[in-house]
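Grab a pencil and open the structure viewer. Here are a few exercises, each with a worked solution.

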Amino acid sequence: MNVRPVAPADAAQWRRMRLALWPDSVPDEIDQFFTGLLHEPLAVLVADDGGALVGFVELSIRNIAEGCSTDRVAYLEGWWVDVGKRRQGIGRALVRAAEEWGRAQGCSEFASDTEIDNEDSAKAHAALGFEEVERIRCFRKSL
Ligand SMILES: CC(C)(COP(=O)(O)OP(=O)(O)OC[C@H]1O[C@@H](n2cnc3c(N)ncnc32)[C@H](O)[C@@H]1OP(=O)(O)O)[C@@H](O)C(=O)NCCC(=O)NCCS
């Protein structure tokens, strides 16, 4: 299993996993990413199991992140491993590669978030050394 940057030939497999993680995500964003038209994510790493992609991370750099003290924070925007491939260390390998990416970007902090009721994600974050720093509620109204 190899963790590497996503490539245009991965578009269909990345789209499949992205829709599994975010059913409301916009498929066009994949093409926009490869043409450089997408502001975020800044980088995408995939877990390649002999040509079959089984997981991905989407990464950005935020100037503000909850609980962080620096203004250039590597951020785990998305983290996915296919259901049948979980608990085998693939999520850990993706996060380790993401941390290397963050260091190479000059970041000294790495942050993430998850839905308040996603206990599996919270446990996986904790197992990888993340500390929970805040719980927030989000609001909207039409203008
Ligand atoms: C979160 C996710 C990416 C973890 O992937 P994974 O490949 O199963 O993770 P790993 O096998 O590398 O596990 C990493 C660590 O987290 C722990 N962990 C993973 N899933 C866990 C769970 N459900 N309960 C408790 N601990 C868990 C592992 O035990 C491991 O720690 P250890 O090495 O000390 O044992 C995967 O569960 C997933 O895709 N979930 C659905 C999407 C999601 O919730 N993403 C995160 C929010 S965006």
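**Exercise 1: the ligand's surroundings**

The shell around the ligand holds eight nonpolar, seven polar and five charged residues. Keep in mind that this is a predicted model.

Task: find out how many residues surround the ligand and which are the closest.

Solution: Start with the total: 20 residues surround the ligand. Next, pick out the closest ones, which are Arg 86, Gly 91, Arg 92, Asp 120 and Ala 127. Then look at where the shell comes from: E4, helix H3 (90–104) and helix H4 (119–127) each supply at least two residues. Of these, H4 gives the most, with five residues.

**Exercise 2: the sheet**

Task: work out the order of the strands, and explain why E1 and E5 each have one side without a neighbour.

Solution: Read across the open sheet of five strands and you get E1-E2-E3-E4-E5, with mixed pairing. Strand E1 (2–5) and strand E5 (110–112) sit at the edges with a single partner strand each, so one side of each has no neighbour in the sheet. From one strand to the next, the twist averages 30°.

Now go pair by pair. E2 and E3 run antiparallel, joined by seven bridges, and Leu 45 faces Val 57 there. E3 and E4 are also paired in the antiparallel sense, over eight bridges, with Ser 60 partnering Tyr 75. E4 and E5 run parallel, with three bridges, and Ala 74 stands opposite Phe 110.

**Exercise 3: the turn**

Task: what links E2 and E3?

Solution: The two strands form a hairpin with two residues between them. In that turn, Gly 50 has a positive phi of about 60°.

Methods
Residues numbered from 1 in each chain as written. Predicted model: local features only at pLDDT ≥ 70, side-chain atom pairs only at ≥ 80, totals over all residues. Pairing = 2+ DSSP bridges. Helix = DSSP H or I, 4+ residues; strand = E, 2+ residues; numbered from the N terminus. Near = placed C-beta within 6 Å. Nonpolar A, V, L, I, M, F, W, Y, C, P; charged D, E, K, R; others polar. Axes fitted to C-alpha atoms, helices over the stretch in contact; angles between N-to-C directions.
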